[in-house]
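Thanks for coming. I have one structure to go through today, and I will keep to what can be read from the atoms.

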Amino acid sequence: TAMQLQLYLGNDLLKINNEIDKLLAYSKLVTRENIDQLVDAGFFNSIFDLTDSIATKNVKKAIYNLEHILDSGESEVYILSMIALQIKNLMLVYDLKAHGLSESEIASRSKLHPYVVKKSLTQIRNYTLDQLEELHRDLLDIDIALKAGDADAKLLLTQYVLKATTK
């Protein structure tokens, strides 16, 4: 249940504390069902849907999710960092799988949640390691352009999503 709260809420300790208080007011026993019922995981689900739709090369869903997140006012740099985390995880899982490690060994060695490893093992089938490395370099280029302030963030993110889902 602690992992589920972290997945839903990130590392915002104040938000986590408030949600725990809410859960305890509902019931002295915090369960997965209570978390699903009471904790708003809306933003987490949106970001997860975006990164998942990119990794599974679902162009239409990826563009829709990106526009939804951008329209909600989320920082472009944060969106970029979440996509970068997904690509980094895919590269790590790809490399460990190529070295013959099992799913559980990959989870142990990478320190990734077993669910993330399981999803990543499915998603890496859509890419070669060279493609993932190129997508990672593209993210670095976008990051530099955004921080330099001379780029249209929405356009760059949209172009990236199109490239990542159609390559």
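I will go through the core, then two of the helices, then the salt bridges and a few backbone angles.

One thing before that: this is a predicted model.

I start with the core. Which residues touch the most other members of the largest nonpolar core? They are I54, I79, I83, I87 and Y160, out of 37 residues in that core. Seven helices are on the list of those that each supply at least two residues: α4 (42–55), α5 (59–71), α6 (76–98), α7 (103–110), α8 (114–123), α9 (129–148) and α10 (153–166). The one that gives the most is α6, with 8 residues. As background, nonpolar side chains in soluble globular proteins tend to be buried together.

Take Y160 as an example. Setting aside neighbours within four places in sequence, Y160 is in contact with I83, I87, L135, D138, L139 and I142. Two of those names, I83 and I87, were also on the list of residues that touch the most other core members.

Now to α5. This helix has 13 residues, and the distance from its first C-alpha to its last is 18 Å, close to the 18 Å expected at 1.5 Å a residue. Which of its residues are buried? The buried ones are A62, I63, N65, L66, I69 and L70. They sit on the same side of α5, because the arc they cover around the axis is only 165°. The face turned away from that buried side carries K60, Y64 and D71, which are exposed. After α5 comes G73, with a positive phi near 95°.

Next is α9, which can be read in a similar way. It has 20 residues, which should span 28 Å at 1.5 Å a residue, and its end C-alpha atoms are 29 Å apart, so the two agree. Its buried residues are Q131, L132, L135, D138, L139, I142, D143, A145 and L146. Seen down the axis, these fall within an arc of 165°, so they line one face of α9. What do they pack against? The buried residues of α9 pack against α6 and α10. On the other side of α9, the exposed residues are D130, I144, K147 and A148. Just after the helix, G149 takes a positive phi of about 80°.

One polar residue on the buried list deserves a word, and that is Q131. Why does Q131 count as buried? Its relative accessibility is 19%, and the cut-off for buried is under 20%. Leaving out neighbours within four places in sequence, Q131 is in contact with N126 and K167.

On to charged pairs. How many salt bridges does the structure hold? There are 5, and I will show three of them. In general, side chains of opposite charge can pair when their charged atoms come close.

The first one I will show is E19 with K22, at 3.0 Å from N to O. Both residues lie in helix α2 (residues 13–26), 3 residues apart, which is about one turn of the helix. A general point applies here: an α-helix has 3.6 residues a turn, so residues three or four places apart point the same way. E19 is buried, with a relative accessible area of 14%, while K22 is partly exposed at 37%.

Then there is K147 with D143, where the closest N and O atoms are 3.2 Å apart. Both are in α9, 4 residues apart, again about one turn of the helix. K147 is exposed, with a relative accessible area of 60%, whereas D143 is among the buried residues of α9.

The third is E134 with K163, at 2.9 Å from N to O. This pair links distant parts of the chain, since E134 is in α9 and K163 is in α10, 29 residues apart. Both count as partly exposed: E134 has a relative accessible area of 26%, and K163 is at 28%. E134 and K163 also belong to a network of salt bridges that includes D138.

Last, two backbone angles outside glycine. K57 has a positive phi of about 60°, and its place is in the loop between α4 and α5. K111, in the loop between α7 and α8, has a phi near 65°, also positive. K111 is exposed, with a relative accessible area of 71%.

That is what I have for today.

Definitions and conventions
Residues numbered from 1 in each chain as written. Predicted model: local features only at pLDDT ≥ 70, side-chain atom pairs only at ≥ 80, totals over all residues. Heavy atoms only, no water. Core = buried A, V, L, I, M, F, W, Y, C linked by side-chain atoms within 4.5 Å. Buried < 20%, exposed > 50% of the residue type's maximum accessible area, 1.4 Å probe, protein only. Contact = heavy atoms within 4.5 Å. Expected span 1.5 Å × (residues − 1). Arc of directions from axis to C-beta. Salt bridge = Lys/Arg side-chain N within 4 Å of Asp/Glu carboxyl O.
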